[in-house]
Amino acid sequence: DTFAEWEGSPQASQGQTCQTCHMPDRSHTWLGVHDSATVAGALEVSTTMDTANGGSRSAKIEVRNIGAGHHLPTYVTPKIFVRAALIDKAGRTVGESLQTRVIGREIVLNSQASREVYDTRIPAGGTWSWRYTAEASTGAEGLAVWLHVYPDHFYARFFEQFSRDGLSAEAQSAIDTAERNAQRSDYLIFQKIFSF
């Protein structure tokens, strides 16, 4: 319920409306999760490296919703993937240190019942945290952190599983085009290397 999320946001209490962000200067651009600049302006990422602890390295990764007047992302279609890995001097991933977490909401819907699998979205003004820990492999010089936005994550999976059986050539082509568009909508929003 994006409207209810906005009603409880700092932006609403400051008199900002949906149009403040989505229609800046009264433009009819409807900027949102497909626009990397809009999402970048809504997020702040920080990483605090811990001191080496025996055979492991760890860091606290935080993503703050500083700009969106609703949960980020606000509905079930988009996902934000946060990835972290130990890297060597050349910037290559060391060993099996790459790990991924998801910011988003996952719901299973079917004709019998529906259920929420997880909801890790960031409320307006809120913070998402992850304690990354990996075995400290030889050659690890730092930690790389990436945020990848998948605006059409739900649709990409839906069209991938959508049966084309019995469809006309025209309908199959339309579904194939929709699938390609959904798969190509992702973008990298943040990438940084933190030294030990």
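**Buried rings, pockets and one helix**

Biologist: Tyr-132: buried or exposed?
Modeller: Tyr-132 counts as buried, at 1% relative accessibility. Buried means under 20% relative accessible area, exposed over 50%, and partly exposed in between, using a 1.4 Å probe and protein chains only.

Biologist: What are these values based on?
Modeller: This is a predicted model, where local features need pLDDT of at least 70, side-chain atom pairs count only at pLDDT 80 or more, and totals for chains, interfaces and linings use all residues. Residues are numbered from 1 along each chain as its sequence is written, and side-chain values use heavy atoms, leaving out hydrogens and water.

Biologist: Which residue forms an aromatic pair with Tyr-132?
Modeller: Trp-130 does, edge-to-face, at 5.7 Å centre to centre and 85° between the planes. Trp-130 is buried too, at 7% relative accessibility. Rings of Phe, Tyr and Trp (its six-membered ring) pair if their centres lie within 6.5 Å; planes under 30 degrees apart are stacked, over 60 edge-to-face, the rest tilted.

Biologist: How many aromatic pairs in the whole structure?
Modeller: Nine. There is also one aromatic cluster made of Phe-154, Tyr-155, Phe-158, Phe-159 and Phe-162.

Biologist: Now the fold. How many helices and strands?
Modeller: Six helices and eight strands. The order along the sequence is α-α-α-α-β-β-β-β-β-β-β-α-α-β. Helices (H or I, at least four residues) and strands (E, at least two) are DSSP runs, numbered from the N terminus. The C-alpha trace spans about 60 × 50 × 35 Å along its principal axes.

Biologist: What share of the protein is buried?
Modeller: Of its 196 residues, 38%.

Biologist: Back to helix H5 (153-161). Which of its residues are buried?
Modeller: His-153, Ala-156 and Phe-159. Down the axis of H5 they fall within an arc of 140°, so they line one face of the helix. The arc is that of the directions from the helix axis to the C-beta atoms.

Biologist: Why do residues three or four places apart point the same way?
Modeller: An α-helix has 3.6 residues a turn, so that spacing brings them round to the same side.

Biologist: What does that buried set on H5 pack against?
Modeller: Strand E3 (79-87), strand E7 (142-150) and helix H6 (169-183). Contact here means heavy atoms within 4.5 Å.

Biologist: Pockets next. How much space lies in the largest?
Modeller: About 460 Å³. Of its 26 lining residues, Cys-21, His-22, Leu-31, Ala-68 and His-70 are the closest to its centre. On a 1 Å grid over the protein atoms alone, a pocket is an open set of points where a 1.4 Å probe fits, with protein on both sides within 12 Å along at least five of seven lines; lining residues have an atom within 4 Å of a point. Points are joined across faces, edges and corners, and the volume is the space filled by probe spheres set on them.

Biologist: How many charged residues in that lining?
Modeller: None; 13 are nonpolar and 13 polar. Ala, Val, Leu, Ile, Met, Phe, Trp, Tyr, Cys and Pro count as nonpolar, Asp, Glu, Lys and Arg as charged, and the others, Gly among them, as polar.

Biologist: And what lines the second largest pocket?
Modeller: Glu-106, Ile-107, Val-108, Leu-109, Phe-154, Arg-157, Phe-158 and Gln-161. Strand E4 (99-109) and helix H5 each give two or more residues. That pocket holds about 170 Å³ of space.
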